[in-house]
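Thanks, everyone. Let's go straight to the model on the screen.

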Amino acid sequence: MSNKYRAYNLQNIRQLSEIQQLSEDRKQAIEVVGQVFAFRTNNYVVEELINWDDVPHDPIFLLTFPQKGMLTPDHFKKMATAFRTGAKDRIAHTANKIRHELNPHPAGQTEYNVPLL
C-alpha cells in the first residue's frame, strides 16, 4: 500500500491497475451508473479492503463501486445512451431526470416522520 492518500472518482478510475482486470462492460457500467450516483473511493479501500480475486462478488467492491443493478434497466439504457454521446449537458440532464424519478423516501419518511408541534 502506498502511504500517500489518493482519491479515485469517475475522472481517474481507469488509472487503477485493479480495474483493468474487469471486463469492458463492467467498467462502462460503473461509469454509466456513476453519472447518476456519486462515486468516490480511495487507495486504502482499493488496495486493502477489496479482494480483487473475488470481484464482482466481493462485498466491499459491491458497496464501493456503482453497480448496473442500482438502476432500472430502462434508466440504465437511457443513461448509457446519453453517456455514449459524450455530451456533458445531455449526460447531466439525463442523470438529473433519472434522479428525480427515483424514490428517495421508500418507507414514507416524508409522511410518517414529520415532527408535530
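Buried here means under 20% relative accessible area. Keep that cut-off in mind. One caution before we start: this is a predicted model.

Start with Phe61. Its relative accessible area is 0%, so Phe61 is buried. Now Phe65. Its relative accessibility is 1%, so Phe65 counts as buried as well.

How are the rings of Phe61 and Phe65 arranged? They form a stacked aromatic pair. The centres are 5.0 Å apart, and the planes differ by 25°.

Next, how many aromatic pairs does the count come to? The answer is 4. One of them joins Trp52 and Phe65. That pair is edge-to-face, with 6.0 Å centre to centre and 75° between the planes. Where do the two partners sit? Trp52 is in the loop between helix H2, residues 43-49, and H3. Phe65 is in the loop between H3 and H4. So the pair ties together parts that are 13 residues apart in sequence. Both Trp52 and Phe65 are buried.

Put the rings together. Phe39, Trp52, Phe61 and Phe65 are linked into a cluster by ring pairs.

Now Leu62. This residue belongs to helix H3, residues 59-64. Buried or exposed? Neither: Leu62 has a relative accessible area of 38%, so it is partly exposed. What does Leu62 touch, beyond its neighbours within four places in sequence? Its contacts are Pro56, His57 and Gln67. And how far is Leu62 from Met79? Their C-alpha atoms are 20 Å apart, with these positions 17 residues apart along the chain.

Met79 brings us to the helix packing. Two packed helices are described by the angle between their axes and the distance between the axes. Here are both values. Helix H1, residues 24-33, packs with helix H4, residues 73-85, at an angle of about 95°. The axes are 9 Å apart. An angle of 65 to 115 degrees counts as roughly perpendicular. H1 and H4 are therefore roughly perpendicular to each other.

Which residues meet? From H1, we have Ala29, Glu31, Val32 and Val33. From H4, we have Phe76, Met79, Ala80 and Phe83. By class, the residues of this contact split into 7 nonpolar, no polar and 1 charged.

To recap. Phe61 and Phe65 stack. Trp52 meets Phe65 edge-to-face. H1 and H4 pack at about 95°. Over to you for discussion.

Definitions and conventions
Residues are numbered from 1 along each chain as its sequence is written. This is a predicted model: local features need pLDDT of at least 70, side-chain atom pairs count only at pLDDT 80 or more; totals for chains, interfaces and linings use all residues. Side-chain values use heavy atoms; hydrogens and water are left out. Axes are lines fitted to C-alpha atoms, for helices over the stretch in contact, and angles run from 0 to 180 degrees between N-to-C directions. Helices (H or I, at least four residues) and strands (E, at least two) are DSSP runs, numbered from the N terminus. Angles under 35 degrees count as roughly parallel, over 145 as roughly antiparallel, 65 to 115 as roughly perpendicular and the rest as oblique. Contact means heavy atoms within 4.5 Å. Ala, Val, Leu, Ile, Met, Phe, Trp, Tyr, Cys and Pro count as nonpolar, Asp, Glu, Lys and Arg as charged, and the others, Gly among them, as polar. Buried means under 20% relative accessible area, exposed over 50%, partly exposed in between (1.4 Å probe, protein chains only). Rings of Phe, Tyr and Trp (its six-membered ring) pair if their centres lie within 6.5 Å; planes under 30 degrees apart count as stacked, over 60 as edge-to-face and the rest as tilted.
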